[in-house]
Structures are given as C-alpha cells and as structure tokens.
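Work through the exercises below with the sequence and the 3D structure open. Try each task before reading its solution.

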Amino acid sequence: MGDLFVKRVFRWSGIYGVLALAPMYFQAPPASGTEFYYGFIGVALAWQAAFFMIANDPARHRPLMLAGVLEKTGFAGAALALFALGRVEPKIAAAGVLDASDVISVGRVSPFEVIAGKIHREAAG
C-alpha cells in the first residue's frame, strides 16, 4: 500500500483538478474581479502540476504533500463556508466536498506518513 497508493492519490488529485479548472478559462468571467478569477485558475492549475510531480516521485517531493493538503482544504473550507452563508451555488459546495474528500480519503493512511515510514525504514536498515 506504499508508493502505489501515494502515486494514485496525487495523480487522481491532479487529473480531477485539471478537468475541473481548465474549462473555467473558457467560461465568461464575473463582471467584477476578473483578475482574481483568472488568477485563481492559474494558481490552482499550477498546483495540479505539483500534484503530478508528487505522483511521479513521492519520496523526493514529500514536503510538498503538506502544502498540497493546505491547497485542497483551503478551497474546501472556503467553498463550504460560503455555501453555508448562501453566497455560492450548490455546485461550488459540491466541488469543495470533492476536494475535502481527497484529503479525508487519505486520513487513515496519509501519503506523507507512508513516505515518512518508508524513509525511516530505509534509514534503519
């Protein structure tokens, strides 16, 4: 369940992110805050590239895993809070739940811990 698990989790996160974000470039931006709209998409797509990098070599990119979790939970928390306040549509909340599920699904066996354990075992001997 080691490296293969970690690779699958981060590859799935990258694929889902690209599929969810790339089409937003072709939608009409909001009337105000266009720079934030396109800025968000660009930064979020850059993180998908980071997820693909992690998936290719989890041990090398282990420190990025924690930042990746922050990226996923940051959007999930904001989307769900804004939905609770009635400020976003249900589809945005659903996207937040899906991002949160990426993090929650690995809650029992964190990819970070899988790689940390592997490194510890290799160092021990």
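**Exercise 1. The pair α2 and α3**

Task: Find the angle and the distance between the axes of helix α2 and helix α3, and decide how the two helices are oriented.

Solution.
Step 1. The structure is a predicted model. In this model, helix α2 covers residues 34–56 and helix α3 covers residues 62–84. They pack at an angle of about 140 degrees, and their axes are 11 Å apart.
Step 2. Angles over 145 degrees count as roughly antiparallel, and 65 to 115 as roughly perpendicular. The angle here is about 140 degrees, and α2 and α3 are therefore oblique to each other.
Step 3. The crossing in which α2 passes α3 is left-handed.
Step 4. On the α2 side, the contact is made by Phe40, Trp47, Gln48, Phe51 and Ile54. On the α3 side, Leu64, Met65, Ala67, Gly68, Glu71, Lys72 and Phe75 take part.
Step 5. Sorted by class, the contact of α2 with α3 holds eight nonpolar, two polar and two charged residues.

**Exercise 2. The pair α1 and α2**

Task: Do the same for α1 and α2, starting from the angle at which their axes cross.

Solution.
Step 1. The axes of α1 and α2 cross at roughly 155 degrees and come within 8 Å.
Step 2. Angles over 145 degrees count as roughly antiparallel. α1 and α2 are therefore roughly antiparallel to each other.
Step 3. The crossing of α1 and α2 is left-handed.
Step 4. From α1, the residues in contact are Lys7, Phe10, Arg11, Ser13, Gly14, Ile15, Gly17, Val18 and Leu21. From α2, they are Phe40, Ile41, Ala44, Leu45, Gln48, Phe51, Phe52, Ile54, Ala55 and Asn56.
Step 5. The residues of this contact divide into twelve nonpolar, five polar and two charged.

**Exercise 3. Length and burial of α2 and α3**

Task: Compare the reach of α2 with the expected value, list its buried residues, and then treat α3 likewise.

Solution.
Step 1. α2 has 23 residues and reaches 34 Å from its first C-alpha to its last. This is close to the 33 Å expected at 1.5 Å a residue.
Step 2. A residue counts as buried under 20% relative accessible area. In α2 the buried residues are Tyr37, Ile41, Ala44, Gln48, Ala50, Phe51, Ile54 and Ala55. The buried residues of α2 pack against α1 (3–21) and α3.
Step 3. An α-helix has 3.6 residues a turn, so residues three or four places apart point the same way. Keep this in mind when reading the buried positions along a helix.
Step 4. α3 also has 23 residues, and its first and last C-alpha atoms are 34 Å apart, close to the 33 Å expected at 1.5 Å a residue.
Step 5. Met65, Gly68, Glu71, Lys72, Ala76 and Ala79 are the buried residues of α3.
Step 6. Just after α3, Gly86 takes a positive phi of about 75 degrees.

**Exercise 4. Three single residues**

Task: Say whether Ala95, Leu98 and Leu19 are buried, partly exposed or exposed.

Solution.
Step 1. The cut-offs are under 20% for buried and over 50% for exposed, with partly exposed in between.
Step 2. Ala95 is in helix α4 (residues 90–104). Its relative accessible area is 21%, so Ala95 is partly exposed. Beyond its neighbours within four places in sequence, Ala95 is in contact with Tyr16 and Phe75. Ala95 and Leu80 are 15 residues apart in sequence, and their C-alpha atoms are 9.2 Å apart.
Step 3. Leu98 also lies in helix α4. With a relative accessible area of 34%, Leu98 is partly exposed. Between Leu98 and Tyr16, 82 residues apart along the chain, the C-alpha separation is 9.4 Å.
Step 4. Leu19 belongs to helix α1. Its relative accessible area is 62%, so Leu19 is exposed. Leu19 and Leu45 are 26 residues apart in sequence and 9.9 Å apart from C-alpha to C-alpha.

**Exercise 5. The whole chain**

Task: Describe the secondary structure, burial and contacts of the chain.

Solution.
Step 1. The chain has five helices and zero strands, in the pattern α-α-α-α-α along the sequence.
Step 2. Of its 125 residues, 30% count as buried.
Step 3. Take the contacts between residues at least 6 apart in sequence: 61% of them join residues at least 24 apart.

How values were computed
Residues numbered from 1 in each chain as written. Predicted model: local features only at pLDDT ≥ 70, side-chain atom pairs only at ≥ 80, totals over all residues. Heavy atoms only, no water. Axes fitted to C-alpha atoms, helices over the stretch in contact; angles between N-to-C directions. Helix = DSSP H or I, 4+ residues; strand = E, 2+ residues; numbered from the N terminus. Parallel < 35°, antiparallel > 145°, perpendicular 65-115°, else oblique. Left-handed = near helix turned anticlockwise from the far one by under 90°. Contact = heavy atoms within 4.5 Å. Nonpolar A, V, L, I, M, F, W, Y, C, P; charged D, E, K, R; others polar. Expected span 1.5 Å × (residues − 1). Buried < 20%, exposed > 50% of the residue type's maximum accessible area, 1.4 Å probe, protein only.
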